[in-house]
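User: Please take a close look at a single part of this model, the annotated domain and the strands at its start. Some remarks on selected sites elsewhere would also be welcome.

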Amino acid sequence: MTNPVQALNSARVRGWLYQALFLACTLAVAWYLVSNTLTNLATRGVATGFGFLQREAGFEIGESLLPYSASDTYLTALVVGLLNTLAVSAAGVVLATVLGVLIGIGRLSSNWMVNRFATLYVETVRNVPLLLQLVVWYTILNRLPSPREALEVLPGIFLSNRGMKFPVLVEHAGHGWILLALLAGIAAAIAAVRYGRRHREATGKPFPTLPAVIAALLLPPAAAFITTGAPLAFDVPVLAGFNFEGGGAVTPEFTALLIGLSVYTAGFIAEIVRSGILAVPHGQTEAGLALGLSPGKILRLVILPQALRVIVPPLTSQYLNLTKNSSLAVAIGYPDLVSVSNTSANQTGQVVEAVAMMMVVYLIISLAISGFMNWYNRRVALVTR
Amino acid sequence: MSKHSPADQAPIPTAPVPPAHWAASYEEEPSQASTPPQANGMTALKPFGWAKDNLFNTPLNTALTVACLVLLWLVVPPMANWLLLNASWSGSSEACREAAGACWSVIVVKHRLIFFGTYPYDEQWRPFLACALFVAMLGASGVRAFWRPWLAGAWALTLVGMGVLMWGGVAGLTYVPNDRWGGLPITLMLSVFSIALAFPLSILLALGRQSSLPAIRTFCVGFIEAMRGVPLVSVLFMASVMFPLFLPEGVTVDKLLRALAGMTLFTAAYLAEAVRGGLQAIPKGQYEAADALGLGYWQKTMLIVLPQALRIVIPPIVNQFISAFKDTSLVTIVGLYDLLTAATVATTDPEWRPYFAEVYVFAGLMFWIFCFSMSRYSQWLERLANRYTRR
Amino acid sequence: MTETAIIELRKVGKWYNSYHALRDVSLSVAKGEKVVVCGPSGSGKSTMIRCINRLEAHQTGHIVVDGIELTDDVKAVEKIRRKVGMVFQNFNLFPHLTVLQNLTLAPIWVRGMAKSEIEEIAMMYLKRVRIPDQAHKFPGQLSGGQQQRVAIARALCMRPEIMLFDEPTSALDPEMVKEVLDVMTELAGEGMTMVCVTHEMGFARQVADSIVFMAEGSIIESGSPAEFFENPKSERTRQFLGQILEH
């Protein structure tokens with residue numbers, strides 16, 4: 001019934017037309033790029049597909065959390081790279097959070113000197129490129145003396161241009177039990193904190209939470225330690241020839257990356273913590289004071305629950321940034337995912353596959369982190385309504 | 001506990017009872033004639049009183065102050081000695097070896113390399129002039145009074161002028177291919193061009209993300225999230241190794257342009273999120289009013305929505321520019337010769353190898369000056385914006 | 001200056017940097033007395049009332065509340081804050097807690113009361129401010145008038161001997177002012193000691209035992225509502241009343 005000209009004026013029809021046009025253009029561009037790429041690959045004689053993953057990689061990787069040798073496959077090499085990325089990111093997240101929270105609180109301190117120090121830190125660290133900072137840390141670590149003249153920063157801990165060496169416990173059957181006891185202690189401590197809070201709410205009477213937590217954390221491991229015969233033998237690194245033997249070690253690459261990432265990200269986290277706490281209106285503190293709550297309780301019961309809502313979303317995106325920034329490892333030779341993918345791409349020529357895999361892995365990590373953030377926001381939003 | 005600025009409880013004016021809306025004025029209130037009491041030691045003996053209030057008011061604060069003082073004592077004298085007192089300012093690397101402090105002569109000797117990379121030595125006045133022009137324009141763009149249409153024209157002229165200076169080949173200037181460019185010009189140009197090119201793209205992406213058409217929305221969301229989900233390094237790798245594959249045989253794109261394309265796409269995704277923030281900050285009533293006036297989609301967008309949204313997003317754009325400026329240092333990974341690469345090259349000269357710290361301190365300072373002044377500028381813009389929106 | 005004064009301010013002075021906010025303010029409030037404080041904005045009314053529970057520290061003079069002098073002694077301040085309830089202009093309810101949790105927080109953590117016990121009391125107060133059905137909502141879901149009534153109930157849950165009101169109705173829409181004033185009037189009828197900073201002259205006339213007029217950081221005059229409204233002594237007061245009663 002409707003004539004075609006009138007149909008063109010329908011918002012719905014127009015919508016479909018625009019989308020069809022857009023899709024057609026996108027597909028045309030994509031087809032053009034793909035066909036060019038295929039032609040180019042064919043003329044260069046490069047294979048396509050993911051078959052290369054099963055072939056022998058043929059290159060060594062400086063450090064690995066898995067047993068790895070040059071005769072392993074590309075897939076194993078990439079997994080090693082991914083684990084290295086995750087390892088340095090996880091350690092960096094913990095360190096950056098601790099440092100960032102401390103500095104953020106320092107930025108709020110009424111102590112003029114602490115305040116200035118924290119500001120100086122934030123303004124310096126955030127305004128110099130991370131890559132420059134990484135290169136500086138790496139250069140410093142590399143120009144440390146050789147193992148023969150290693151610096152003994154603490155008894156048994158040696159710093160040299162081969163990285164950091166530190167004593168590790170000699171394995172003993174008792175350690176499992178001690179660890180188990182410690183885990184039980186942590187569980188008991190958490191239970192004590194929750195019980196203390198519930199007890200307080202139910203009866204209004206204080207519960208000795210702090211002593212209970214200390215007891216729960218210390219007593220079970222101590223008991224396990226004594227009953228298993230106090231197994232406390234250390235494997236201390238000793239200088240043998242040109243390098244150390246025994247003990248545990250981290251490479252200069254890992255250390256430089258860890259320090260650089262943590263120091264840089266901490267500057268951003270500090271600002272997030274600061275603005276989160278400042279976002280809670282002063283009236284909240286006043287209302288708490290007027291009700292007779294002590295400053296500590298105001299912080300715990302009124303300020304922090306509100307500030308955390310503001311802090312957590314940008315904090316997660318900082319964690320994500322840290323993980324992505326760990327890809328700068330490639331500049332200082334830490335074998336992370338990007339660096340291993342890069343080597344693989346150079347060797348096989350299968351650039352498209354290597355880059356695609358690398359991007360997909362990062363996307364998965366990002367989606368996981370932002371999934372957590374959305375979950376948290378939903379949980380919090382329910383309460384704020 | 002958070003410390004709140006005294007402005008929170010700023011006294012409201014008294015005396016000749018000004019109209020109520022004056023109370024919200026930002027101006028400092030004129031001080032009253034009488035002075036605070038001297039008796040209780042709050043302000044008596046000013047410096048001591050101040051130190052007591054700000055540094056030693058609680059045991060914890062006293063401990064922290066002492067710790068800071070110790071840290072200062074440990075850090076400042078050796079740093080001052082190294083940086084200034086014992087430093088050697090000129091002469092050869094032998095003179096440096098004898099001095100206990102920093103070797104600033106390395107900067108004196110290498111500054112041309114750090115700033116301009118491998119640009120032909122005798123022609124380096126050209127990148128210098130180009131950078132000076134550029135920085136002057138950047139400074140001028142920060143002045144609100146200059147935010148007029150002619151500024152865009154001035155920028156276009158500047159860019160043409162820079163191109164002439166850098167490439168040459170006309171007006172008696174010898175031709176310098178852009179693989180000889182390096183140092184500061186690369187850093188400046190990559191950051192400014194990537195922001196400038198990313199900006200229009202980001203507006204389209206942000207509008208697309210808000211679009212009611214699912215195909216367009218999905219594409220924009222997918223692009224933005226994908227770019228934001230991966231590291232810049234991987235985007236740069238993609239740009240440097242995959243672009244040549246995308247193009248028909250025989251067509252080549254220069255390394256600098258490839259890196260620029262990668263940075264632009266990456267920056268556009270982040271900027272799009274900033275622009276989206278601005279779009280969402282516009283009250284629904286504005287859209288309704290535009291619809292009620294009978295404006296079409298593009299009229300509504302261009303006349304009502306964008307002018308308001310872009311005003312809001314200027315500070316985030318400046319912040320994104322700071323990020324882009326710092327991120328240009330990553331192009332060293334794909335083999336471009338930016339400021340950081342030039343600095344690293346300077347430290348590899350065997351004669352000056354021990355003095356890497358000086359070179360990095362210098363390069364860091366360059367970056368810091370740009371980033372710090374821009375971040376201050378963006379804070380100032382934000383305060384300005386808040387002043388206008390505050391009632 | 002009577003023996004039974006529960007709040008006593010003697011020559012209280014306060015400065016913000018060089019700005020003189022309170023000038024030798026002296027005031028005494030007897031047990032059960034209702035005092036309304038009024039004056040132009042910036043006259044120091046809020047500062048004075050906030051000095052009474054030491055949200056602001058005074059710098060000269062003395063403030064004695066229920067026999068305890070306010071100094072920087074933390075314990076004394078805590079004691080006084082338990083006796084003095086306060087209602088703010090902007091309510092300052094805790095947005096992350098439900099109405100009921102807002103009411104029970106301080107009694108549990110400061111008074112050491114059991115949750116079951118205080119919840120019963122809290123519900124009683126919510127009934128008295130006529131919003132028992134909102135107990136499990138969050139403050140953001142309530143109207144301004146309801147929020148302010150919750151704030152009053154929250155202060156009452158601490159069983160205070162004195163209530164301070166800092167412009168409790170000035171952030172409210174006109175139709176909500178009455179519901180809050182009704183609750184305050186009822187409270188006054190029960191013999192609570194009250195100090196209210198307010199511009200609600202109808203409330204002042206009906207409820208106040210005395211009215212204090214402040215300007216430029218000093219008390220210009222004080223007296224019974226009858227005297228104050230019918231026969232103001234100073235020119236400044238007349239001018240103020242003229243402005244405020246005009247419409």
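**The annotated domain of chain C**

Analyst: In an unreviewed entry, UniProt lists residues 7–241 of chain C as "domain: ABC transporter". The model examined here is predicted. Across residues 7–241 of chain C, helix accounts for 40% of the chain and strand for 26%. The C-alpha atoms at the two ends of that range lie 27 Å apart.

The closer view begins with strand β1 of chain C, which spans residues 5–16. Of its 12 residues, 10 are buried, so β1(C) is largely enclosed by the rest of the structure. The cut-off behind this reading is a relative accessible area under 20%.

β1(C) pairs with strand β2 of chain C, residues 19–30, through 8 bridges, and the two run antiparallel. β1(C) and β2(C) form a hairpin with 2 residues between them. In that turn, Asn17(C) has a positive phi of about 50°. A further 5 bridges join β1(C) to strand β4 of chain C, residues 60–65, and this pairing is antiparallel as well.

Glu8(C) illustrates both pairings. Its bridge partner in β2(C) is Ser28(C), while in β4(C) Glu8(C) stands opposite Val64(C).

Two sites in chain A may be set beside this strand. The first is a nonpolar surface patch of about 1100 Å², whose members include Trp177(A), Leu179(A), Ile186(A), Leu210(A) and Leu218(A). Helices α6 (173–203) and α7 (209–227) of chain A each supply at least two residues of the patch. The most is given by α6(A), with 7 residues. Trp177(A), one of the residues that make the patch, is placed in helix α6 of chain A. Its relative accessibility is 57%. Trp177(A) therefore counts as exposed, the cut-off being over 50%.

The second site is Ser366(A), in helix α13 of chain A, which covers residues 351–384. Ser366(A) has a relative accessible area of 5% and is therefore buried. Leaving aside residues up to four places away in sequence, Ser366(A) touches Leu320(A) and Gly229(B).

To draw the picture of the strand together, β1(C) is joined to β2(C) by 8 bridges and to β4(C) by 5, and 10 of its 12 residues are buried.

Methods: Residues numbered from 1 in each chain as written. Chains lettered and ligands numbered in written order. Predicted model: local features only at pLDDT ≥ 70, side-chain atom pairs only at ≥ 80, totals over all residues. Heavy atoms only, no water. UniProt positions renumbered as here; feature names shortened; annotations may be inferred. Helix = DSSP H or I, 4+ residues; strand = E, 2+ residues; numbered from the N terminus. Patch = residues over 30% accessible without salt bridge, like charges linked within 9 Å, V, L, I, M, F, W, Y side chains within 5 Å. Areas by Shrake-Rupley, 256 points an atom, 1.4 Å probe, with all protein chains shown as cover. Salt bridge = Lys/Arg side-chain N within 4 Å of Asp/Glu carboxyl O. Buried < 20%, exposed > 50% of the residue type's maximum accessible area, 1.4 Å probe, protein only. Pairing = 2+ DSSP bridges. Contact = heavy atoms within 4.5 Å.
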